[in-house]
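Reader: I am in my first year and still learning how to read a structure slowly. Could you take me through one part of this one with care, staying with the aromatic rings and what surrounds them?

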Amino acid sequence: MSEYPIDHLSDEESWDVIQTNHIGRIASAREGAPDIYPVAYVTHNWKIYFRTGAESRLRKETDGRLVAFEAAHQMMRHFSSTVALGLVRTLTSAEAAQVLDELPIVEFAPNSEYVWMEFTPNEVRGRRLNVLDPHR
């Protein structure tokens with residue numbers, strides 16, 4: 001375990017946090033005010049994909065915009081968080097949607113009409129927060 005309270009993760013370690021989790025958060029600005037949306041997601045070809053309702057507020061407020069995505073993981077003695085910055089867009093390719101539909105994803109509303117959203121990160125950064133023993 002590290003002797004420092006915070007370690008910076010490499011790009012590979014940061015992507016490991018993203019790829020081993022299934023729930024993340026999208027942060028965006030709505031009319032100048034911040035907002036956060038929890039999303040179930042999958043990764044494919046170094047991009048992050050999530051589904052949302054075709055008429056959802058999430059789609060309307062993020063489509064074609066720069067957002068932040070966060071995935072986190074907690075172990076006994078540390079908490080890892082990866083933040084990715086990039087562009088979200090509605091996926092319009094039926095062929096791509098078919099490929100994504102075959103990937104395992106947590107279902108929040110399995111009977112709802114949805115669209116796939118594609119998040120393309122242009123920056124990924126991660127940190128590990130270590131729980132230090134106060135009695136050392």
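Author: Arginine 51 lies over the face of tyrosine 114, at 4.3 Å from the ring centre. Please keep in mind that this is a predicted model, and that every value here is computed from it. Tyrosine 114 is itself partly exposed, with a relative accessible area of 33%, and besides having arginine 51 over its face, tyrosine 114 forms an aromatic pair with tryptophan 116. Such a pair of rings is described by how far apart the centres are and by the angle of the planes. For tyrosine 114 and tryptophan 116 these values are 6.4 Å centre to centre and 90° between the planes, an edge-to-face arrangement. Tryptophan 116, at 3% relative accessibility, counts as buried because the cut-off for that word is under 20%, whereas its partner tyrosine 114, at 33%, is partly exposed.

The count of aromatic pairs comes to 4, and another of them joins tyrosine 41 and phenylalanine 69, whose ring centres are 5.0 Å apart and whose planes stand at 85°, so this pair too is edge-to-face. Tyrosine 41 lies in strand β3 and phenylalanine 69 in strand β5, so the pair ties together parts that are 28 residues apart in sequence. Tyrosine 41 counts as buried, at 1% relative accessibility, and phenylalanine 69 is buried as well, with a relative accessible area of 0%. Ring pairs also bring in Phe119, linking Tyr41, Phe69 and Phe119 into a cluster.

From the rings we can turn to the helix and what covers it. The buried residues of helix α1, which runs over residues 11–19, are Ser14, Trp15, Val17 and Ile18. They cover an arc of only 150° around the axis, which puts them on the same side of α1. The general background is that an α-helix has 3.6 residues a turn, so residues three or four places apart point the same way. What covers the buried residues of α1 includes strands β3 (33–44) and β5 (65–74), where tyrosine 41 and phenylalanine 69 are found, and also β1 (6–9), β4 (47–53), β6 (78–90) and β7 (114–130).

One last detail belongs to strand β7, where asparagine 130 is found. Asparagine 130 is buried, with a relative accessible area of 9%, and a polar contact of 3.0 Å joins its side chain to that of aspartate 7.

Methods
Residues are numbered from 1 along each chain as its sequence is written. This is a predicted model: local features need pLDDT of at least 70, side-chain atom pairs count only at pLDDT 80 or more; totals for chains, interfaces and linings use all residues. Side-chain values use heavy atoms; hydrogens and water are left out. Buried means under 20% relative accessible area, exposed over 50%, partly exposed in between (1.4 Å probe, protein chains only). Helices (H or I, at least four residues) and strands (E, at least two) are DSSP runs, numbered from the N terminus. The arc is that of the directions from the helix axis to the C-beta atoms. Contact means heavy atoms within 4.5 Å. Rings of Phe, Tyr and Trp (its six-membered ring) pair if their centres lie within 6.5 Å; planes under 30 degrees apart count as stacked, over 60 as edge-to-face and the rest as tilted. A charge sits over a ring if NZ of Lys or CZ of Arg is within 6 Å of the ring centre and within 35 degrees of the ring normal. A polar contact is a pair of N or O atoms within 3.5 Å; within protein, one must be able to donate a hydrogen and the other to accept it, and residues adjacent in sequence count only if both atoms are side-chain atoms.
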